Protein chains: 2
Amino acid sequence: MPRTKKDVVTEFRTAGILEAAYRVFAEQGFEQATMAEIARVADVAKGTLYLYYPSKQHMYSAALRQSAAELAARTRASMESAASVGDKVHAFIGATLRYFEEHPDFFRIYDSEFGRARCRHAQHPRQVDELHIEQVKTLDQILQQAVRRRAIRPIRTEEAAVAIFDITRSIVKQRLLGASRASLDEDIAFAFDLTWKGIGHR
Amino acid sequence: MPRTKKDVVTEFRTAGILEAAYRVFAEQGFEQATMAEIARVADVAKGTLYLYYPSKQHMYSAALRQSAAELAARTRASMESAASVGDKVHAFIGATLRYFEEHPDFFRIYDSEFGRARCRHAQHPRQVDELHIEQVKTLDQILQQAVRRRAIRPIRTEEAAVAIFDITRSIVKQRLLGASRASLDEDIAFAFDLTWKGIGHR
DNA sequence: CGCTATACTGACTGAGTGGTCATTCAAATG
DNA sequence: CATTTGAATGACCACTCAGTCAGTATAGCG
């Protein structure tokens with residue numbers, strides 16, 4: 001089955017609409033964003049949106065999922081190319097900070113979604129949760145290994161993984177707010193230093 | 001000017017409505033919460049809400065402000081009664097964890113609001129920001145003192161303060177999710193241990 | 001060139017919401 | 001008991017917005 005012209009057009013539209021949705025959702029948040037605005041930004045009519053996505057919710061999920069997958073892939077690749085546990089943790093922090101630095105819009109969606117996730121009646125999809133869980137798991141495994149090899153002191157690795165993740169997020173937030181006057185590399189170094197000392201390497 | 005009967009009734013209604021609003025906002029988030037639902041929970045008619053609060057937004061602010069002030073006061077008191085820097089940091093973490101443990105609803109509002117705060121078009125009031133800034137400042141001052149007295153290694157205190165704050169938040173989140181199987185005290189000890197080692201006391 | 005298929009459009013619908021206000025009625029007053 | 005008062009009410013209004021669909025424009029084809 002060859003790729004027809006139709007497929008190409010569909011792909012083009014799908015991507016264009018997703019791009020617009022991504023920007024509007026990042027700017028306004030899910031509730032405040034309107035389909036009319038997304039259509040305006042995508043430069044298509046409102047009805048067209050519904051030819052490619054069945055609902056606002058689906059569009060939102062798609063936007064989240066794409067970026068989440070990208071971040072996860074990058075982080076994983078970056079960690080794999082590092083040798084020692086310390087380097088891996090450093091790579092994790094660096095990759096995360098760098099990704100969000102390049103995609104501040106995604107961070108805004110991500111961060112607000114992350115907070116909402118704990119609402120009892122969260123009817124939002126769990127892409128962000130899954131990203132979070134996956135990222136934490138990856139870190140956790142590294143830490144567990146390190147503990148077994150006695151590279152770091154015995155510690156509750158999962159909680160530590162979450163903590164590292166959250167410190168990283170916290171630094172991204174400070175940078176986006178303009179509260180950090182340090183360079184990206186300095187901030188990476190700071191986050192690593194703090195967590196690494198906290199974990200207690202030997 | 002003595003307190004009239006009217007004042008008492010007003011106070012009673014105001015508090016009752018605020019309590020209901022608090023619960024509904026915590027459960028649903030700002031946008032999903034409806035005035036009709038708040039009225040139902042408060043067991044008054046919708047119009048009555050507007051006799052005591054001029055708008056949904058005002059009600060939300062009031063709900064946030066009250067709890068934020070309470071948390072800030074508790075934390076401050078707890079830290080003041082501690083002697084050493086380490087004890088103060090420990091007190092901070094403990095007070096925060098304990099408060100949120102008692103008020104999981106507030107944490108949900110707080111956390112979701114915190115994420116939203118960085119949206120560019122945030123038209124939400126800044127109670128949460130102010131709470132956050134105040135809490136961080138308090139911690140920061142303690143850390144700065146400690147650095148001057150050489151009780152801890154020289155460090156970027158503000159960033160460290162934010163990190164401590166965020167680790168604490170992160171643990172609250174894990175507890176609310178039921179992800180933590182440890183006792184409250186164990187979690188407090190863990191958070192303190194991690195941050196304190198991270199800061200690098202001597 | 002005429003015909004058909006269909007991608008696209010945007011006015012429209014209907015559900016839902018924040019906020020209002022004429023009306024009600026219980027309690028206070030005399 | 002009659003009268004006044006104003007707190008409480010809830011039907012209502014104006015508006016928003018996700019989602020629909022009858023109609024239009026255009027590309028492809030014979």
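Visitor: What makes the crossing of H4(A) and H5(A) right-handed?

Guide: In this predicted model, the test is how the near helix is turned from the far one: anticlockwise by less than a right angle is left-handed, and clockwise is right-handed. The crossing of H4(A) and H5(A) comes out right-handed. A helix here is a DSSP run (H or I, at least four residues), numbered from the N terminus.

Visitor: How are H4(A) and H5(A) placed against each other?

Guide: Two packed helices are described by the angle between their axes and the distance between the axes. Helix H4 (residues 56-80) of chain A packs on helix H5 (residues 85-102) of chain A at about 150°, with the axes 8 Å apart. Axes are lines fitted to C-alpha atoms over the stretch in contact, and angles run from 0 to 180 degrees between N-to-C directions.

Visitor: Which residues of H4(A) meet H5(A)?

Guide: Leu71(A), Arg74(A), Thr75(A), Ser78(A) and Met79(A) do. Being in contact takes C-beta atoms, placed from the backbone, within 7 Å. By class, this contact has six nonpolar, four polar and two charged residues. Ala, Val, Leu, Ile, Met, Phe, Trp, Tyr, Cys and Pro count as nonpolar, Asp, Glu, Lys and Arg as charged, and the others, Gly among them, as polar.

Visitor: Why are H8(A) and H9(A) called roughly antiparallel?

Guide: Their axes come within 10 Å and cross at roughly 155°. Angles under 35 degrees count as roughly parallel, over 145 as roughly antiparallel, 65 to 115 as roughly perpendicular and the rest as oblique. So H8(A) and H9(A) are roughly antiparallel. Their contact includes Ile164(A) of H8(A) and Leu194(A) of H9(A), and its residues are seven nonpolar, two polar and two charged.

Visitor: What makes a residue count as near DNA strand C?

Guide: Its C-beta atom, placed from the backbone, has to lie within 6 Å of the strand. For DNA strand C, 17 residues surround it, with Ala45(A), Gly47(A), Thr48(A), Gly47(B) and Lys56(B) the closest. H3(A) gives the most to this surface, four residues.

Visitor: And which residues come nearest to DNA strand D?

Guide: Gly47(A), Val44(B), Ala45(B), Gly47(B) and Thr48(B), out of 18 around that strand. Here H3(B) has the largest share, four residues. The whole surface has seven nonpolar, five polar and six charged residues.

Visitor: How do I read the labels?

Guide: Residues are numbered from 1 along each chain as its sequence is written, while chains are lettered from A and ligands numbered from 1 in the order in which they are written. As this is a predicted model, local features need pLDDT of at least 70 and side-chain atom pairs count only at pLDDT 80 or more, but totals for chains, interfaces and linings use all residues.

Conventions: Helix = DSSP H or I, 4+ residues; strand = E, 2+ residues; numbered from the N terminus. Contact = placed C-beta atoms within 7 Å.
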